[in-house]
Amino acid sequence: MIGDGITAANIGRGYILRRLIRRVVRHSRQIGIKEHLIQIIAQSAISLDPVAFPHLKTQEEIIIQELEREVASFTITLGRGEKLLGEILAILPQQISGLEAFTLYDTYGFPLELTQEIAAECGIKVDLKGFEAEMEQQRIRSQAAHETIDLTMSGGIDKLATRILPTKFTGYRETEGTGTVEAVLGSGKNVQIILDCTPFYAESGGQVGDRGILTGDNLLVTIEDVQEERGIFFHKGVIEQGTLKVGDEVTGIVDMTFRRRTQAHHTATHLLQASLKKNIDNSICQAGSYVGFDRLRFDFNCPRALKPEELQKIEADVNTWSAEGHYALSKVTSLENAKKDGATYMVTEKYDDQVRVVDIEGISMELCGGTHVMSTAEIGAFKIISEIGISAGVRRIEAVAGPAMLDYLKPRDKVVKELSDRLKVQPEGIPARINTYLEELKASQKQLTALKQELALGKADQLLQQVESVGGWKIIVGELKNAEPEALKAAAVRLQQKLGESAVVLGSTPAPGKVSLVAAFSDKVNKEKKLQAGQFIGKIAKICGGGGGGRPNLAQAGGKEPSKLTEALATARKDFLTALR
């Protein structure tokens, strides 16, 4: 499939490939094979018949890289999700709730079908209707968060376009200008205003819309956002003073602090893409972006995560180019000429015959309709704050520049100073001091665990006085008050070994609202009396509102009703008396 150009994805043929790979990975882990199995299988398959499938040999490196990337990604997902799912299944619920399945899917990236498969192995179903309900709520939240056009205008834009000409944008040359009101939408003080011309940039190409004010005769409107549809600019704002009607002449004044910060991020995005092409791969292209006053986000095609040293080099390039003060020049030309000149453009984007080109001398040339700094020196300092994968073959870099970088660093600088004061070290010594404390804490916890286990073993020896004989077998059923699960297990094993052919069940309440149970059987009890420790302790644990299991001769279980522990242990003793006679 990979040789035919299919890559792992969440839809279509890519999803079938992803499920096949994940099934191989999970089942190989279950039988104890954790490393490179699927890659070895792929290499063997490619070498089997090079004559019939010659294209597989030529694409072997691509196939192996795709498998390695998907396996590495899924291994992380599997590790995180299996831990939470194991905790859920440990109490043997009647079913996994829709919310639990959705949390595994949404927070941990754990596929629903994998949750169903693992749950089915334990005889437990998944609430699919509840899962779909949670997914629907997520879709509603997502749609609401990404809506860019006021719903009151839905269906009315086509009608507006028949009587209102596209808005003339003057904001490349000026940030203050007059315009005539063409329409006022909405009621009360919250309105959307259409002007014949405006200095306000409307959200487009990833760049957010401008903010500012509109003024007139005894009029003040605060503009909070500007959106564009069918060439018409919708100025979303609040009337702070006066009234507004069609035909009024108003003056638009762009918030220059907001504009400067936004366009600094936009030009920095162009420098970022130039450095990615230079340092990573010249074929890298934009797959999406966000340019705001507080940060920038740049999505790009790349099959792997960037290395720390690569990110440092990219960051250094952008800062160097910014400090050098290169002019950012723009011109309008034909799309054909722009391509001939080598301008970068998005292959998936549709362009008019005439396009705007932003050229940063000797560094970057891109088709772009956004606003930019006149010189890269206006960008200021640049800092990458994260680099992550957002889908198969697509990476995302988030960064800040200029005043936004100071906003980003201030709270972190405060944390560093507080840690430096509390730990009584210089900032550069904080990691070493924290590592020292963590090692000391780890050692202390290890000592505490050992002491608890020794205490539990000491208490367990006292239970030898309660040993009973049933049909030639020795049994002990008892409680070790606050013993931790691991200490309780060690105590049960020790008692069983001391007694010889025997059966031991111990219980404890290690914390409020928690019950721990352990069953340890000798081999003969298991084989001759057909007693399975896992089944035995699982039945007892249900009395305490829990469940569990394990090996035939050693098993653990948990519960959440400490008040039922006495009853559970009494039931265990009664079952022993019946089974071992």
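Isoleucine 384 has alanine 399, in β17, as its bridge partner. I start there, and the usual caveat applies: this is a predicted model.

That pair belongs to a hairpin. Strand β16 covers residues 382-391, strand β17 covers residues 394-401, and the two run antiparallel, joined by 8 bridges. Between the strands of this hairpin there are 2 residues. Glycine 393 takes a positive phi there, near 75 degrees.

On pairing in general: strands of a sheet are held to each other through backbone hydrogen bonds, in either a parallel or an antiparallel arrangement.

Next, the barrel. How many strands does it have, and in what order? The closed barrel has 6 strands, and the order is β4-β5-β9-β8-β7-β10, with antiparallel pairing. On average, neighbouring strands of this sheet are turned by 45 degrees against each other, with direction ignored.

Take one pair from that barrel, β4 and β5. Strand β4 spans residues 176-185 and strand β5 spans residues 190-195. Their pairing is antiparallel, over 4 bridges. Within it, valine 181 stands opposite leucine 195 of β5.

Last, a residue from a helix. Arginine 80 sits in helix α4, which runs over residues 60-90. Why do I call arginine 80 partly exposed? Its relative accessible area is 41%, and the partly exposed class applies because that value falls between the cut-offs of 20% and 50%.

One distance for arginine 80 as well. From its C-alpha to the C-alpha of threonine 167 is 51 Å in space, and the two residues are 87 apart in sequence.

Terms used:
Residues are numbered from 1 along each chain as its sequence is written. This is a predicted model: local features need pLDDT of at least 70, side-chain atom pairs count only at pLDDT 80 or more; totals for chains, interfaces and linings use all residues. Side-chain values use heavy atoms; hydrogens and water are left out. Two strands pair if DSSP finds at least two bridges between them. Axes are lines fitted to C-alpha atoms, for helices over the stretch in contact, and angles run from 0 to 180 degrees between N-to-C directions. Buried means under 20% relative accessible area, exposed over 50%, partly exposed in between (1.4 Å probe, protein chains only).
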